[in-house]
Amino acid sequence: MCAHGPRPVADLASDSGLPLGVVRVLLGDLTAQGLIHITPPESSATGKERPPAHLLREVINGLRAL
């Protein structure tokens, strides 16, 4: 599924039909065995930095409150 380059974990889960948590565990196991390399996401195409983690947590909590 990643033959053409890096893919987001959510896309791998969606395309494989597996739950996101399962895919994360599998990728963690593959990483621990040195079979894959995980790269952090790059900044956006506009050159802006990623939003701070606390802001993302606040957004998630707000969505859960809906």
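Which residues does Ile-38 touch, not counting residues up to four places away in sequence? Select Ile-38 together with Leu-27 and Thr-31, for these are the residues that Ile-38 touches; contact here means heavy atoms within 4.5 Å.

The model on display is predicted, so local features need pLDDT of at least 70 and side-chain atom pairs count only at pLDDT 80 or more, while totals for chains, interfaces and linings use all residues. Residues are numbered from 1 along each chain as its sequence is written, and side-chain values use heavy atoms, with hydrogens and water left out.

**The whole chain**

Colour the protein by secondary structure. Three helices and zero strands appear, and from the N terminus the order is α-α-α. Helices are DSSP runs of H or I with at least four residues, strands are runs of E with at least two, and both are numbered from the N terminus. Next, display the surface. Its accessible area is about 5700 Å², and carbon and sulfur atoms account for 61% of that; the areas come from the Shrake-Rupley method with a 1.4 Å probe, and for residues only the protein chains shown count as cover. Of the 66 residues, 6% are buried. Buried means under 20% relative accessible area, exposed means over 50%, and partly exposed lies in between (1.4 Å probe, protein chains only).

**Helices α1 and α2**

Select residues 9-16, which form α1, and residues 20-32, which form α2. The two helices pack at an angle of about 115 degrees, and their axes are 9 Å apart. Axes are lines fitted to C-alpha atoms, for helices over the stretch in contact, and angles run from 0 to 180 degrees between N-to-C directions. On the α1 side, the contact is made by Val-9, Ala-10, Leu-12, Ala-13 and Ser-16; on the α2 side, by Leu-20, Val-23, Arg-24 and Leu-27.

**The salt bridge**

Show the side chains of Arg-7 and Asp-15, which meet in a salt bridge at 2.2 Å, N to O. The term denotes a side-chain nitrogen of Lys or Arg within 4 Å of a carboxyl oxygen of Asp or Glu, and by this rule the count is one. Both partners may be viewed on the surface: Arg-7 is partly exposed at 28% relative accessible area, and Asp-15 is partly exposed at 49%.

**The loop between α2 and α3**

Move to His-37, found in the loop between α2 and α3 (53-65). His-37 is exposed, with a relative accessible area of 68%. Its C-alpha lies 9.3 Å from that of Leu-27, 10 residues away in sequence. Ile-38 belongs to this loop as well, and its C-alpha is 9.2 Å from that of Gly-28, 10 residues away along the chain. Thr-39, also in the loop, is partly exposed at 44%. Measure from Thr-39 to Pro-6: the C-alpha atoms are 7.9 Å apart, although 33 residues separate the two in sequence.

**A nonpolar patch**

Finally, select Leu-30, Leu-35, Ile-36 and Ile-38, which form a nonpolar surface patch with about 340 Å² of accessible area together. Patches are made of residues with over 30% relative accessible area and no salt bridge; like charges are joined within 9 Å, and nonpolar side chains (Val, Leu, Ile, Met, Phe, Trp, Tyr) within 5 Å. Leu-30 sits in α2 and is partly exposed, at 33%.
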